[in-house]
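Notebook open, model loaded. I want to go through the helices and then the aromatic rings.

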Amino acid sequence: MRRHGTMTREEACDMLWSLYLISGAPMYEAPDYDSVQPWLYKDERDNDIAAKSGVISALSIMDTKQMSRNLGIHEQRLKHLHAAYAAAIIKRLKSLHLPDFGKKETALKDEIIRSHPANPDGNVIGSDIKDYEWTHRWNNLVTFSSRNSMYHSYVSGFMEKIFVPMLVKYFPDQAGKVVKYIRKAGYGDGEVLDLIDRTAGYNSNTAYLYQGKSGEEHRKKLQQKIRNSCPAASRNANK
């Protein structure tokens with residue numbers, strides 16, 4: 001996609017089908033931390049999550065105008081297709097994330113440690129553990145926790161920051177379409193403007209997303225939050 005020259009129609013079709021297949025491919029089955037068997041995908045780690053992230057990255061650099069000419073279809077159809085791909089991926093990862101898992105993780109680790117025959121009192125685990133079944137259970141829990149954190153970090157740290165600006169670029173002055181795909185990505189009505197705040201922010205390009213009563217109320221709350229966090233600046237502004 002970054003190479004010089006024009007993509008052929010066949011190449012464009014192949015790419016769109018590839019992105020479609022990767023977007024819809026199932027995620028790895030989650031590690032079972034109650035199982036004494038090793039996780040089937042222990043050598044793959046987060047390759048499935050990274051592949052989904054790669055799709056959104058590819059969409060963000062795609063020239064929809066050039067591709068629409070290559071494919072002979074309206075550019076707007078491509079934009080809707082890309083938005084649907086990205087929304088589906090984000091919704092899937094959001095649905096897998098367990099935000100409260102950290103609260104029970106410590107108790108689960110303590111339970112597994114106490115279950116080891118060499119550590120009946122829950123002592124620190126040594127490096128010479130020979131109980132492979134116990135080790136698999138421990139590794140499954142650590143991997144489950146790691147992947148759970150990745151679902152959130154990939155979405156909030158990367159995907160959201162590409163997704164919302166992409167929607168703003170695709171649908172200028174069409175707030176309904178932007179909100180439509182944000183909802184399709186799994187965000188509730190009360191989360192939409194918060195998401196826009198932390199990704200695209202309020203500026204001349206996004207002002208249309210803050211129109212209406214709810215948008216105005218949200219802006220007032222945001223301004224009050226800023227004043228509360230910076231009281232000195234607020235006092236100076238009011239002089």
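Before anything else, my cut-off: I call a residue buried when its relative accessible area is under 20%, and exposed when it is over 50%. I also note that this is a predicted model.

**Aromatic pairs.** I searched the whole structure and got 11 aromatic pairs. I looked at tyrosine 28 with tryptophan 39, which is edge-to-face, with 6.2 Å centre to centre and 75° between the planes. Both rings sit in the loop between α1 and α2, so the pair ties together parts that are 11 residues apart in sequence. By the cut-off above, tyrosine 28 and tryptophan 39 are both buried.

Next I pulled up tyrosine 33 and phenylalanine 101. Their ring centres are 6.0 Å apart and the planes are at 45°, so I logged the pair as tilted. Tyrosine 33 is in the loop between α1 and α2 while phenylalanine 101 is in helix α5 (residues 101-115), so this one ties together parts 68 residues apart in sequence. Both of these residues are buried too.

I also found that Trp17, Tyr20 and Tyr85 form one aromatic cluster. Tyr85 turns up again in my list for α4, where it is among the buried residues.

**Helix α4.** Does the length add up, and what is the end-to-end distance? At 1.5 Å a residue, the 22 residues of α4 (residues 75-96) should span 32 Å, and I get 33 Å between the end C-alpha atoms, which agrees. Buried residues here include Leu78, His82, Ile89, Ile90 and Leu93. Their cover includes α1 (9-24), α2 (47-60), α3 (64-71), α6 (132-170) and α7 (175-184). I also checked lysine 94: its charged end sits over the ring of tyrosine 187, 4.2 Å from the ring centre.

**Helix α3.** Which residues of α3 are buried? I get Thr64, Met67, Ser68, Asn70 and Leu71. Looking down the axis of α3, I see them fall within an arc of 160°, so they line one face of the helix. Among what covers them are α1, α4 and α6. At the start of α3, a side-chain oxygen of aspartate 63 comes to within 3.1 Å of the backbone nitrogen of lysine 65. Just after α3, I noted glycine 72 with a positive phi of about 75°.

**Tyrosine 132.** Last stop: tyrosine 132, in helix α6. Buried or exposed? Its relative accessible area is 59%, so I put tyrosine 132 down as exposed. Its C-alpha is 8.2 Å from that of valine 36, although the two are 96 residues apart along the chain.

Terms used. Residues numbered from 1 in each chain as written. Predicted model: local features only at pLDDT ≥ 70, side-chain atom pairs only at ≥ 80, totals over all residues. Heavy atoms only, no water. Helix = DSSP H or I, 4+ residues; strand = E, 2+ residues; numbered from the N terminus. Expected span 1.5 Å × (residues − 1). Buried < 20%, exposed > 50% of the residue type's maximum accessible area, 1.4 Å probe, protein only. Contact = heavy atoms within 4.5 Å. Arc of directions from axis to C-beta. Polar contact = N/O pair within 3.5 Å; in protein donor to acceptor, adjacent residues only side chain to side chain. Phe/Tyr/Trp six-rings, centres within 6.5 Å; stacked < 30°, edge-to-face > 60°. Lys NZ or Arg CZ within 6 Å of the ring centre and 35° of its normal.
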